[in-house]
Amino acid sequence: AEGLAHEIKPVVQNGANAYRIPKGNHMKVNVKKEALYEESADIKLTVEYLDDGAAPIRINYNTWHVLPVFNRLVEHNLHIERTNTGKWKTKTFNLENVSMDNMQWLGTDFNISGVNSEVIIKDILVEKNVKKVAKQ
């Protein structure tokens, strides 16, 4: 996944390569089509971030409405709470029916920003969750 906005700059922070998302900006995250491109996918989203403030990190993503007759997207917001430890932290979300077909703004899959604050992101990992079927 990679950020598309020109305001997102690579930085070295706490000894690690990362991306700084300035206050008021968003990182547009697009998963390469060769890796995962589906209208509706169950995924595991892992974000590694610098816990350097008290304001949360916001993640926006879409799902398709559960009733196909409506044929519309539903926007969802996740929040990662920060406690200003100054350390790298990781947060993982297991998400169902996520639109992984570039339906967020500017043809991306996710949108990450700080809530009225700057955010520093070290890594974003998107993995497809495979549902296990119970043996009979």
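Is asparagine 60 buried or exposed? I would like to start there, and then widen the view, keeping in mind throughout that what we have in front of us is a predicted model. Asparagine 60 counts as buried, because its relative accessibility is 6%, and a residue needs to be under 20% to be placed in that class. The residue belongs to strand S6, which covers residues 57–64, and its side chain is joined to the side chain of glutamate 75 by a polar contact of 3.1 Å.

Let me step back to the protein as a whole. The secondary structure consists of ten strands and zero helices, so that, read from the N terminus, the order of elements is β-β-β-β-β-β-β-β-β-β. The protein has 136 residues, and 40% of them are buried. Its accessible surface comes to about 8,200 Å², with 49% of that area belonging to carbon and sulfur atoms. If we take the contacts with a separation of 6 or more, 74% of them are between residues 24 or more positions apart.

Now to the interior. The largest nonpolar core holds 24 residues, and the ones that touch the most other members are Ile43, Leu45, Ile59, Phe110 and Ile112. Two or more residues of this core come from each of S4, S5, S6, S7, S8, strand S9 (110–114) and strand S10 (119–128). The largest share, five residues, is given by S5.

Next, a residue to which I would like to give some time, arginine 82. It is found in the loop between strand S7, residues 73–80, and strand S8, residues 88–100, and it is classed as buried because its relative accessible area is 5%. What does the side chain of arginine 82 reach at 2.6 Å? The partner there is the backbone oxygen of alanine 55, and the arginine side chain also makes a polar contact, at 2.7 Å, with the side chain of serine 117. Leaving aside residues up to four places away in sequence, arginine 82 touches a set of residues that includes Tyr49, Leu50, Asp51 and Asp52, as well as Pro56, Ile57, Glu118 and Val119.

Two further loop positions can be set side by side. Valine 31 lies in the loop between strand S4 (27–30) and strand S5 (38–50), and it counts as buried because its relative accessibility is 7%. Its C-alpha is 7.7 Å from the C-alpha of valine 126, although 95 residues separate the two in sequence. Glycine 24 sits in the loop between strand S3 (16–21) and S4, and here the accessibility is 65%, so this residue counts as exposed. Glycine 24 and serine 113 are 89 residues apart along the chain, while their C-alpha atoms are 7.6 Å apart in space.

Finally, a word about the aromatic rings. How many aromatic pairs does a search of the whole structure find? The search finds zero. There is, however, a ring with a charge placed over it: the charged end of lysine 122 sits over the ring of tryptophan 88, at 5.3 Å from the ring's centre.

To return to where I began, asparagine 60 is a buried residue whose side chain has a polar contact with that of glutamate 75, and arginine 82 is likewise buried, with its side chain in polar contact with that of serine 117. Thank you, and I am glad to go back to any of these residues in the model.

Conventions:
Residues numbered from 1 in each chain as written. Predicted model: local features only at pLDDT ≥ 70, side-chain atom pairs only at ≥ 80, totals over all residues. Heavy atoms only, no water. Helix = DSSP H or I, 4+ residues; strand = E, 2+ residues; numbered from the N terminus. Buried < 20%, exposed > 50% of the residue type's maximum accessible area, 1.4 Å probe, protein only. Polar contact = N/O pair within 3.5 Å; in protein donor to acceptor, adjacent residues only side chain to side chain. Contact = heavy atoms within 4.5 Å. Phe/Tyr/Trp six-rings, centres within 6.5 Å; stacked < 30°, edge-to-face > 60°. Lys NZ or Arg CZ within 6 Å of the ring centre and 35° of its normal. Areas by Shrake-Rupley, 256 points an atom, 1.4 Å probe, with all protein chains shown as cover. Core = buried A, V, L, I, M, F, W, Y, C linked by side-chain atoms within 4.5 Å.
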